[in-house]
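Please look at the sequence and the model shown here, and keep both in view while reading. The report goes from one residue and its surroundings to a few other places along the chain.

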Amino acid sequence: MLESYLRRQGLSGTPYTPLVGDLKKNFTMTMEARSKPIKLTDDISTRVMPYILQMLKTHGRTFFTWLGTTPTITIMDPEQIKEVFNKVYDFQKPHTFPLGNVIATGLANYDGEKWAKHRRIINPAFHLEKIKNMVPVFHQSCSEVVGKWDKIASDKGSSCEVDVWPGLVSMTADVISRTAFGSSYKEGQRIFELQGELAQLVRLSFLKAFIPGYIYLPTKNNRRMKAASREIQVILRRIINKRLRAREAPSGDLLGILLESNSGQAKGNELSIEDVMEECKLFYFAGQETTSVLLVWTMVMLSQHQDWQARAREEVKQVFGDKEPDTEGLNQLKVMTMILYEVLRLYPPIPQMTRAIHKEMKLGDLTLPGGVQISLPTLLVHRDTQLWGSDAAEFKPKRFKDGVSKATMGQVSFFPFAWGPRICIGQNFAMMEAKMALALILQRFSFELSPSYAHALYTAPTVRCSSYPTQDIVL
Ligand code: HEM
């Protein structure tokens with residue numbers, strides 16, 4: 001019924017295969033694409049979302065495919081994308097993945113009034129003024145890792161090969177532990193370790209989780225997930241209760257700001273302790289991997305484009321010399337901002353977003369039935385030659401020299417942090433952290449790709465560097 005409804009709208013798409021829809025075809029194509037590395041100059045969409053790319057070529061710019069039994073309409077038109085992002089109450093978060101709630105719920109997973117209330121209370125924690133106070137913490141966490149690389153390089157005497165990915169992961173994990181939990185950051189670290197483990201376990205059960213009842217079976221994985229979740233709850237509750245009992249002066253960390261802004265709400269309008277706990281868990285999940293992925297791709301791009309590496313370093317030297325980077329200086333880094341935007345365009349850490357509609361809805365000149373999903377393929381839109389010109393696949397930070405709205409000609413064709421009311425709440429936090437990390441790296445090192453580097457990226461769920469042991473960068 002849904003298929004004929006969509007076809008009556010003039011939409012083209014794949015015919016429905018009972019129960020599995022396109023899952024199997026999609027999976028097979030993805031696995032095949034992943035089996036060999038691509039060239040640095042190749043379009044990464046062929047590896048990251050090969051099936052959707054092929055459907056785009058076959059069916060045109062608006063088409064439907066099947067996520068199991070759910071029709072998913074992929075849209076490429078910036079006006080329609082804008083409408084979906086703007087109408088947050090009509091186009092909601094889908095909840096199709098059965099293990100989605102295991103890692104964290106929180107703001108990113110709520111809709112309607114609940115989302116609005118949480119967003120209003122959490123917003124102050126991410127105001128620029130508050131982030132400014134976190135910049136020394138960014139500095140501390142980033143310098144620790146850069147210092148370790150420095151030691152490796154000086155022990156070797158000259159140039160040496162370093163796998164930068166583990167360092168970037170520990171850098172962003174340390175930043176989020178310290179900025180979320182301040183003085184309790186050691187306990188915070190344990191929470192985030194457990195969350196990392198949970199994410200890994202969820203990944204392992206990804207396909208099985210769709211089997212009805214699977215998540216309730218007492219398998220080894222499921223039991224470990226339960227135990228890790230319980231341990232996280234216990235530690236979080238301890239940290240929060242300690243804060244509440246101490247009634248100490250509000251601290252500048254995210255938890256402190258969140259508790260402060262929560263206590264300023266009218267009675268009955270505040271978040272419960274469980275709600276606050278969910279939000280803290282979400283900060284890690286939403287903010288750690290995304291930022292490390294942004295950093296690793298920036299290092300890969302700057303290794304490949306040595307001219308931009310030199311320009312970025314020159315700017316850092318000009319603004320800071322050998323001094324410690326501070327907020328004011330980080331805000332002056334124009335070349336660095338252009339580079340980061342261009343990396344976010346070509347390598348958006350979240351390559352695709354989905355929304356669900358529950359009743360019949362207009363979208364542009366389409367009328368869509370309740371029960372369908374809309375896919376916003378960030379990666380494909382960012383690399384679309386109709387929107388970005390024939391050089392869309394090339395790394396050209398200059399396109400952002402006059403800012404995002406000039407580069408996009410005012411269209412919603414660049415949305416690495418989403419767009420509209422649900423835009424990433426941590427956008428400024430992430431950009432500031434990335435600038436700090438890169439400024440420190442550029443002050444100390446010049447870097448290039450190892451000859452053994454293989455461009456074998458995959459999604460999990462962010463667009464990651466390969467699992468091959470060869471993502472090394474030579475410092
Ligand atoms: C380069 C880094 C980052 C990228 C690319 C990124 C990207 C995104 C995107 C695309 C969304 C929208 C998802 C959707 O609506 O389907 C989002 C939402 C969100 N992000 Fe980020 N993010 C980054 C860093 C961070 C950081 C550092 C934090 C927190 C410390 C954070 C917290 C959140 C939260 C809480 C939401 C949900 C907002 C809402 O639904 O109202 N993100 N992010």
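## Thr172 and its neighbours

In this predicted model, Thr172 touches Gln288, Thr291, Ser292, Leu295 and Glu433, if residues up to four places away in sequence are left aside. With one of these neighbours there is also a polar contact, since the side chain of Thr172 meets the side chain of Gln288 at 3.0 Å.

Thr172 belongs to helix α9, which covers residues 164-181. Is Thr172 buried or exposed? Its relative accessibility is 1%, and because buried means under 20% relative accessible area, Thr172 counts as buried.

## How α9 packs against α13

Helix α9 packs with helix α13, made of residues 273-304, at an angle of about 145°, and the two axes lie 9 Å apart. The crossing in which α9 passes α13 is right-handed. On the α9 side, the contact is made by Val164, Trp165, Leu168, Val169, Met171, Thr172, Ala173, Ile176 and Phe181. On the α13 side, the residues in contact include Gln288, Thr291, Ser292 and Leu295, and these four also appear among the residues that Thr172 touches.

What classes of residue make up the contact of α9 with α13? It has 15 nonpolar residues and four polar ones, while no charged residues take part.

## A recorded site at Cys424

An unreviewed UniProt entry places the feature "binding site" at Cys424, and such annotations may be inferred rather than shown by experiment. In the model, Cys424 is found in the loop between α19 (404-407) and α20 (427-444). Its relative accessible area is 32%, and because this falls between the 20% limit for buried and the 50% limit for exposed, Cys424 is partly exposed. Leaving out residues up to four places away in sequence, Cys424 touches Arg119 and Phe417.

## Two loop residues with positive phi

Met409 is found in the loop between α19 and α20, and its phi is near 50°, which is a positive value in a residue other than glycine. With a relative accessible area of 63%, Met409 is exposed.

Leu19 is another residue other than glycine that has a positive phi, in this case near 65°. The place of Leu19 is in the loop between β1 (12-13) and α2 (23-34). How does its accessibility class follow from its value? Leu19 has 66% relative accessibility, and since exposed means over 50%, Leu19 counts as exposed.

## Distances in sequence and in space

Leu440, in helix α20, has a relative accessibility of 4% and therefore counts as buried. Leu440 and Glu324 are 116 residues apart along the chain, and their C-alpha atoms are separated by 8.2 Å. Leu440 touches His139, Cys142, Ser143, Val146 and Pro325, again without counting residues up to four places away in sequence.

Ser4, which lies in helix α1 (residues 2-8), gives a second pair to consider. Ser4 and Val137 are 133 residues apart along the chain, and 56 Å separates their C-alpha atoms. Ser4 itself is partly exposed, with a relative accessible area of 38%.

How values were computed:
Residues numbered from 1 in each chain as written. Predicted model: local features only at pLDDT ≥ 70, side-chain atom pairs only at ≥ 80, totals over all residues. Heavy atoms only, no water. Helix = DSSP H or I, 4+ residues; strand = E, 2+ residues; numbered from the N terminus. Buried < 20%, exposed > 50% of the residue type's maximum accessible area, 1.4 Å probe, protein only. Polar contact = N/O pair within 3.5 Å; in protein donor to acceptor, adjacent residues only side chain to side chain. Contact = heavy atoms within 4.5 Å. Axes fitted to C-alpha atoms, helices over the stretch in contact; angles between N-to-C directions. Left-handed = near helix turned anticlockwise from the far one by under 90°. Nonpolar A, V, L, I, M, F, W, Y, C, P; charged D, E, K, R; others polar.
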